Amino acid sequence: MKKDQLIKTISKSTEISPDIVYRVMDAFTKTLSEAVAAGETIHLRGFGKFTRVLRKARPMHNFRTGETFIQPEHYEPKFQFSKEFLTK
């Protein structure tokens, strides 16, 4: 399901206009992204947990040029489903 389809489905089930649902969805994703980037953990009970994890530096290989280089350590977002979500 894509974002537009999700907005229509939520709008239909809640009887809220699609414009309002779209604005709420955008505010939610923006807030979530900023919080995780700042190092916060977001718990949504019954759904899951958003965090960021540190990936260590590691050697990488560019297949096109044959060059080997070191990818520096960096943070990546991570999502972990809740047990409740997985058992539904």
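## A walk from helix α1 to the nonpolar patch

Start by selecting α1: at 1.5 Å a residue, its 12 residues ought to span 16 Å, and the end C-alpha atoms are indeed 16 Å apart. Keep in mind that this is a predicted model. Step just past the end of α1 and click on Glu15, which takes a positive phi of about 60 degrees.

Next, select α2, residues 18-37. Its 20 residues should span 28 Å at 1.5 Å a residue, and the distance between its end C-alpha atoms, 28 Å, agrees. Now show the side chains of Val21, Met25, Leu32, Ala35 and Val36, the buried residues of this helix. Look down the axis of α2: these buried residues fall within an arc of 110 degrees, so they line one face of the helix. The general rule is handy here: an α-helix has 3.6 residues a turn, so residues three or four places apart point the same way.

What do the buried residues of α2 pack against? Bring up α1 (3-14), β1 (42-44), β2 (48-55) and β5 and you have the partners. Then spin round to the other side of α2, where Asp19, Arg23, Lys30, Thr31 and Ala37 are exposed. Just after the helix, Gly39 is worth a click for its positive phi of about 100 degrees.

Time for the salt bridges; the structure holds two. For one, pick Lys3 and Asp26, whose side chains meet at 2.5 Å, N to O. Lys3 sits in helix α1 and Asp26 in helix α2, so this pair ties together parts 23 residues apart in sequence. Lys3 is partly exposed at 35% relative accessible area, and Asp26 is partly exposed too, at 27%.

For the other, select Arg55 and Glu76, with a salt bridge of 3.0 Å, N to O. Arg55 belongs to strand β2 and Glu76 to strand β5, so the link joins parts 21 residues apart in sequence. Arg55 is partly exposed, with a relative accessible area of 34%, and Glu76 counts as partly exposed at 26%.

Stay on strand β5 (residues 74-81) and move to Tyr75. Setting aside residues up to four places away in sequence, Tyr75 touches Arg52, Val53 and Leu54. Tyr75 is partly exposed, at 48% relative accessible area. Try a distance from here back to Asp19: the two C-alpha atoms are separated by 34 Å, with these positions 56 residues apart along the chain numbering.

Last stop: select Phe47, Phe81, Phe85 and Leu86, which make a nonpolar surface patch of about 380 Å². Leu86 lies in helix α3 (residues 83-87) and is exposed, with a relative accessible area of 59%.

Definitions and conventions. Residues numbered from 1 in each chain as written. Predicted model: local features only at pLDDT ≥ 70, side-chain atom pairs only at ≥ 80, totals over all residues. Heavy atoms only, no water. Patch = residues over 30% accessible without salt bridge, like charges linked within 9 Å, V, L, I, M, F, W, Y side chains within 5 Å. Areas by Shrake-Rupley, 256 points an atom, 1.4 Å probe, with all protein chains shown as cover. Salt bridge = Lys/Arg side-chain N within 4 Å of Asp/Glu carboxyl O. Helix = DSSP H or I, 4+ residues; strand = E, 2+ residues; numbered from the N terminus. Buried < 20%, exposed > 50% of the residue type's maximum accessible area, 1.4 Å probe, protein only. Contact = heavy atoms within 4.5 Å. Expected span 1.5 Å × (residues − 1). Arc of directions from axis to C-beta.
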